[in-house]
Amino acid sequence: MSDRYAVIGNPIGFSKSPFIHGTFAKMTGQDLVYEAIEGPIDGFSGRVDQFRTEGAKGLNITAPFKLDAFAYANELSESARRAGAANCLKFDGDRIIAENFDGIGLVRDITVNLGVKMAGRRVLMLGAGGAARGALLPFLRQQPSELALVNRTLSKAVALAEEFAGCGPLIVSGYAELADLAEGYDVVVNATSASLRGEMPPLPGNVFQGAELAYELAYGKGLTPFLQAARAEGVAKLADGVGMLVEQAAEAFVWWRGVRPSTAQVIAELTVPLS
């Protein structure tokens with residue numbers, strides 16, 4: 001019998017995960033089936049219990065269940081613990097192990113696929129929600145010279161900075177103060193939800209000056225207002241989050257199966273042109 005895996009979310013019809021993991025399985029000759037599960041909003045634990053009784057080996061987690069998955073697990077990786085959320089579970093008998101590969105996938109897309117070094121560079125991250133939280137430790141492990149975290153609600157960014165104190169050169173700011181900090185960031189990452197609403201974060205005009213990369217975590221939206229502004233300011237490289245999506249899936253796949261799939265073909269197939 002094939003090993004069973006799935007992604008759980010609500011809604012789930014948009015998910016690319018079955019395509020991604022199905023392709024990975026074919027590439028690597030792994031005998032598995034992968035499905036999409038629409039979980040009840042108030043019934044995550046019960047639905048996952050059912051899936052486990054059916055012989056499940058692992059589960060990817062998407063919105064709105066990453067906090068539920070974190071609470072459901074009985075073992076936490078450092079990445080999951082630091083993020084306060086899980087995007088992947090592994091089932092091993094009574095062990096329910098939680099991981100969070102979002103930030104790791106983002107770093108791999110930036111440094112490997114896009115060829116942009118983060119070590120010794122100045123990095124700006126917009127937003128202090130779950131996406132930013134999951135990326136902070138992987139970003140700081142790249143040893144940037146500075147990681148600036150900017151958020152509309154400054155207190156939220158300050159709380160994150162306190163939580164990650166000692167992990168690296170992390171500073172926080174509100175948007176109003178950003179103009180005083182922006183002396184040439186090399187990498188600018190939009191981890192806000194503004195692009196999902198077709199909006200632009202309230203950035204001062206000098207943020208993109210000299211930047212090598214502008215990265216939009218939202219994917220499949222084409223040239224968002226954030227990426228339009230970056231292009232207008234002459235940023236050399238623009239990217240959306242499709243590479244992050246595929247790379248975090250690859251991290252989950254190797255964690256589950258012990259073999260790393262190639263990601264280039266899948267990224268190419270899922271990429272929506274930035275135009």
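Two strands pair if DSSP finds at least two bridges between them. Strands here are DSSP E runs of at least two residues, helices are H or I runs of at least four, and both are numbered from the N terminus. The model is predicted: local features need pLDDT of at least 70, side-chain atom pairs count only at pLDDT 80 or more, and totals for chains, interfaces and linings use all residues. Residues are numbered from 1 along each chain as its sequence is written, and side-chain values use heavy atoms, without hydrogens and water.

**Exercise 1.** Find how many bridges join strand 7 to strand 8, then place both strands in the sheet.

*Solution.*
- Step 1: Five bridges link strand 7 and strand 8, which run parallel.
- Step 2: L126 stands opposite V150 in strand 8.
- Step 3: The open sheet has six strands in the order 9-8-7-10-11-12, with parallel pairing.
- Step 4: Strand 9 and strand 12 (237-240) each have a single partner strand, so one side of each lacks a neighbour in the sheet.

**Exercise 2.** Decide which residues of helix 7 are buried (under 20% relative accessible area, 1.4 Å probe, protein chains only) and which are exposed (over 50%; partly exposed lies in between).

*Solution.*
- Step 1: A157, L160 and A161 are buried in helix 7.
- Step 2: These residues share one side of helix 7, because they cover an arc of only 100° around the axis, taken from the directions from the helix axis to the C-beta atoms.
- Step 3: S155 and E162 are exposed on the other side of helix 7.
- Step 4: The cover over the buried residues includes helix 6, strand 8 and strand 9 (170-173), where contact means heavy atoms within 4.5 Å.
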